[in-house]
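Colleague: Please take a close look at one buried position in this model and describe its surroundings. A second position for comparison, and some background on the chain, would help.

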Amino acid sequence: MTTDIERELRELFREKAGEAPVATFSAPTAAPQAVLRRGRRRQIGTVLGSAAIVLVLIVGSVAGLNAVLRGDGDPFRTGDYKVFERTATIEAFTVGSPSSWYLVNEWPLSVQTAVTGSGSASGECTAAAPGAGQPSPVCTSSEQSPQVEALPLPHGLPMFQLSNVDMGLNAVSCGQDLSANAAVLYVGLDYQRAIFGAKDPSIGPWHVGLREPEAAGGPCGAGRYATFSVNGEPFFAWVGFGTGVTDADRSTALAAYESMVVDDAWAPVPPGELTPAYVIAGGVNQARDNWRLELRPSQENVRLSLIGASLVAASSDFVVPRSVIEWAATDPIFGAVTKQAAAVEFRSKDDPSVAITGTIVPLPPSMPFDFDLFFIEGTAGVDGGAVAVGSDGDVIEGDSSVGRVRQAEVELSGSLLGHDWGVRFIGAFSEGTACMRSTIADVDGELCPRPLETSLAGDQPSFHSWVTDHLAVFAGSVPLDVAELRFTSEDGTDPPQRSRCQMGPSGWTDPDKNVCAIALPPQGSGTLQYLDANGVVLFEEGNGWGSAEATSTQYPWANEGGTVTARGSFQGADWKLEVLYYRVGYRLSVDGRRVFEGTLRGGEPVAFPLFEGNRGRFDALVLLVDDGSFADRVSISSEGTWDGRWLPGSTANGGEARLWVIEVPGAGTGRLVVDGIDRGEVSWP
């Protein structure tokens, strides 16, 4: 029986195979966001099981390409780069190999290789003939219906390829002539066995030894083969050699196969990318996330992507060597560095003795750009920066930049007063799923403020709190220029606090947002300040929590072009209030239209309607200039109580004042209360 999930994934493969071009330097590609969001963690076994298979061969001219890439082009032969043991996981397979070998994640090629379909086809692609000098497939339009039958494809659905020579990203070694010095390990999903019939009992699970070479060879050519299953899916492996391969390279390829670790719980998942990638490095970070660093072409040069269970980060179009170093602040840190660097280090800002040495990796010969790559592990929790170090041990002077990368989820965490805390920012604005999940001393919580356009996706900081017996944690979204939080207690003390800010998740865009969190004692009152990278206060607001009452009720405001400006939203109307030159007074705009500009008399409340229409005037902002008492609380009481908040203002003669803003619903009459004292009647709108 075909399930809804199976039908959806079959449709996904059919659709994306028609869209997916081969990435080249002249026509780089990136996965559409729709592909990245669809089909995650769903089985695609039935994609392989349809009777109607349309095959698209994406095979370059390997023989011609090898002639260019092998031999003296190998950067590791210069002795300038350290060869390290690379261990990386690609889908079900964890494979170890020297970093001087070329490991390619071929699984994205599976989208372009075999697609279920029926009915008429709009085009056909065939591989270029070896030696034709045309590594891309030749495609021609066709209105004819394809034959409903499986065509032979000897290399199956490619999973990964490991070789001692750089074959590029558009070449699959299986079925091609190898250069004399080549050694290759190739693993593919044997879709033909999956298509035709039941499970083959002769195919056992991993680990299966390689068969001795047979005179007739096999689907990929001469070499040694093994067939095995992973969670019931049939795979085959091939180890092939050129006629002049060295004993050392022969042993390396065989050892890579024998030492593979296979996850038998793996299930096929549509790849998040559409093009193959070099796997530069891999490992497990301090958060126990399994990661790998992938390399693809970009519009200008290359794109580096950090891939893992909860890690998705990328940086591309590097400007090195114009800059000395470019790096992305993740764990691990990665980036590009000038070829003049003998080393890269991540140096702590707070402790000069902390300098974590990274690993420099050359670009493969198929990407001949004038810079190197690097990665630095073990940097989590260290506040610092990456530097390029010359052969004399000194930092190479010049420009550097830190890439702003986005992750699918962002977690900010720390410890205060002996208790751990953390906040995870998840979801997406566009899908209406943006939320925050907290853990404070083993107590979990979740907040999903709505509507998003006036909270987490609004113009102003949108901060929300969890208060427990152990800690109070405030967290939310902030504009991109906010880099730091600082809390000042109302009583003048400096309470213990821990704060962190970072680029928001990949779904917290349009508008782009940073996210911040701050941990404080379980009760307190004072002012929360939002600072830029230079320590300048951009916004501030009063807060009180726990058993302490909020004695500061300041409204968040910003200095926009030298003008104190506050923005808000009430009952669906967006308002903006500007404190102008004292002789001009104040300007109030509602939904982009100016409703007032002028001076206000101290102590006299003025109501401005937010809406005017057939139903009359209703919902209002009440403004009050406090030019003498500097009250701590102003409210309007009627059938309910509506508290006001203030921002710095001025009197008509230039004196200091507080401008109070009170949002009141509907229309009515109430009492103005200032610090508990009734100051008379006020009507609105």
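Modeller: The description below goes from A237 to W508 and then to the chain. This is a predicted model, in which local features need pLDDT of at least 70, side-chain atom pairs count only at pLDDT 80 or more, and totals for chains, interfaces and linings use all residues. Residues are numbered from 1 along each chain as its sequence is written, and side-chain values use heavy atoms, with hydrogens and water left out.

A237 sits in strand 11, residues 233-241; strands are DSSP runs of E with at least two residues, helices are runs of H or I with at least four, and both are numbered from the N terminus. The relative accessible area of A237 is 0%, so the residue counts as buried (under 20%, against over 50% for exposed and partly exposed in between, with a 1.4 Å probe and protein chains only). Leaving aside residues up to four places away in sequence, A237 touches Y186, V187, R224, Y225, A226, F228 and Y257, where contact means heavy atoms within 4.5 Å. Of these, R224 is 13 residues from A237 along the chain, with 8.2 Å between the C-alpha atoms.

W508 is placed in the loop between strand 32 (498-503) and strand 33 (514-520). W508 is also buried, at 0% relative accessibility. Its C-alpha atom is 8.4 Å from that of I426, 82 residues away in sequence. A polar atom of the W508 side chain lies 3.0 Å from the backbone oxygen of I426.

As background, the protein chain has 7 helices and 48 strands, and 52% of its 685 residues are buried.

Definitions and conventions
A polar contact is a pair of N or O atoms within 3.5 Å; within protein, one must be able to donate a hydrogen and the other to accept it, and residues adjacent in sequence count only if both atoms are side-chain atoms.
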